[in-house]
Amino acid sequence: MGDFKNSWAVVVGIDNYKNGIPILRTAVNDARRLADLLERRHGYRVECLAHDVTDLRLKVLITSLDKRVGPDDRLLFYFAGHGIAYDGDDGRPAGYLIPENAERDKSKFLAMEDLHASLTALKCRHMLLILDCCFAAAFRWSSTRRVDLPPDVLHRERYERY
């Protein structure tokens, strides 16, 4: 585990979509294999969701992370399933992860912007996010909703941090 107090992993794989959303063939297998590897070889505490992955179950899991993940911990978050992007109000793509019980409207989708806000609010020292879904690149826009001016001076320490 290195110099981390705890190593946490949230691993989600969805194959069996309902409500007319196409079924996937390898997402659950990929998630289970990754979960097993992280746990056995790398000592992670793994929460693997691969069955009945509803919007509510995903939201509860994500919001519960702040009670478990501490400042000296690391977190790996993996999602394999369907993703989609729509044009946002500001002209940038708004990405969504699609839970197993989703319908063909956004009401049960998980907004990447909400996921971003929840994950960046965690106090962990290291985080790795892996999105194995279509439109995963829309996640990068989740962090650019605010307009911040760059600093006048960029110190070397800050440059190296990024």
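In this predicted model, a convenient place to begin is Lys-106, which lies over the face of the Tyr-86 ring at 5.0 Å from the ring centre. Tyr-86 itself is partly exposed, with a relative accessible area of 28%, and it belongs to an aromatic cluster that also includes Tyr-96 and Phe-109.

The structure has two aromatic pairs. In the pair made by Tyr-86 and Tyr-96, the ring centres are 5.9 Å apart and the planes stand at 65°, so the arrangement is classed as edge-to-face, given that planes over 60 degrees apart count as such. This pair links distant parts of the chain, since Tyr-86 is in strand β4 (residues 83–87) and Tyr-96 is in strand β5 (residues 93–97), ten residues apart. Whereas Tyr-86 is partly exposed, Tyr-96 is buried, with a relative accessible area of 14%.

From the aromatic cluster the reader can move to the nonpolar interior. The largest nonpolar core holds 31 residues, of which Val-12, Phe-79 and Leu-97 touch the most other members. Contributions of at least two residues each come from β1 (7–13), α2 (55–68), β3 (74–80), β5, β6 (110–111) and α3 (112–120), and among the contributors α2 gives the most, with four residues. Leu-97, once its neighbours within four places in sequence are set aside, is in contact with Phe-79, His-82, Phe-109, Leu-110, Met-112, Leu-115, Leu-131 and Cys-133; Phe-109 in that list is also a member of the aromatic cluster. Apart from the largest core lies another one, of ten residues, including Ala-9, Ala-27, Ala-35 and Tyr-44.

Strand β3, which supplies residues to the largest core, deserves a separate look. Seven of its seven residues are buried, so β3 is largely enclosed by the rest of the structure. Arg-74, Leu-76, Tyr-78 and Ala-80 point one way from the strand, while Leu-75, Phe-77 and Phe-79 point the other way, and the residues of both sets are all buried.

The pairing of β3 with other strands completes the picture. Seven bridges join β3 to β1, and these two strands run parallel; within this pairing, Val-12 has Phe-79 as its bridge partner in β3, and both of these residues are named among those that touch the most other members of the largest core. Seven bridges also join β3 to strand β7 (residues 126–132), again with the strands running parallel, and here the bridge partner of Arg-74 in β7 is His-126.

How values were computed: Residues are numbered from 1 along each chain as its sequence is written. This is a predicted model: local features need pLDDT of at least 70, side-chain atom pairs count only at pLDDT 80 or more; totals for chains, interfaces and linings use all residues. Side-chain values use heavy atoms; hydrogens and water are left out. Rings of Phe, Tyr and Trp (its six-membered ring) pair if their centres lie within 6.5 Å; planes under 30 degrees apart count as stacked, over 60 as edge-to-face and the rest as tilted. Buried means under 20% relative accessible area, exposed over 50%, partly exposed in between (1.4 Å probe, protein chains only). A charge sits over a ring if NZ of Lys or CZ of Arg is within 6 Å of the ring centre and within 35 degrees of the ring normal. A nonpolar core is a set of buried Ala, Val, Leu, Ile, Met, Phe, Trp, Tyr and Cys residues joined through side-chain atoms within 4.5 Å. Contact means heavy atoms within 4.5 Å. Two strands pair if DSSP finds at least two bridges between them.
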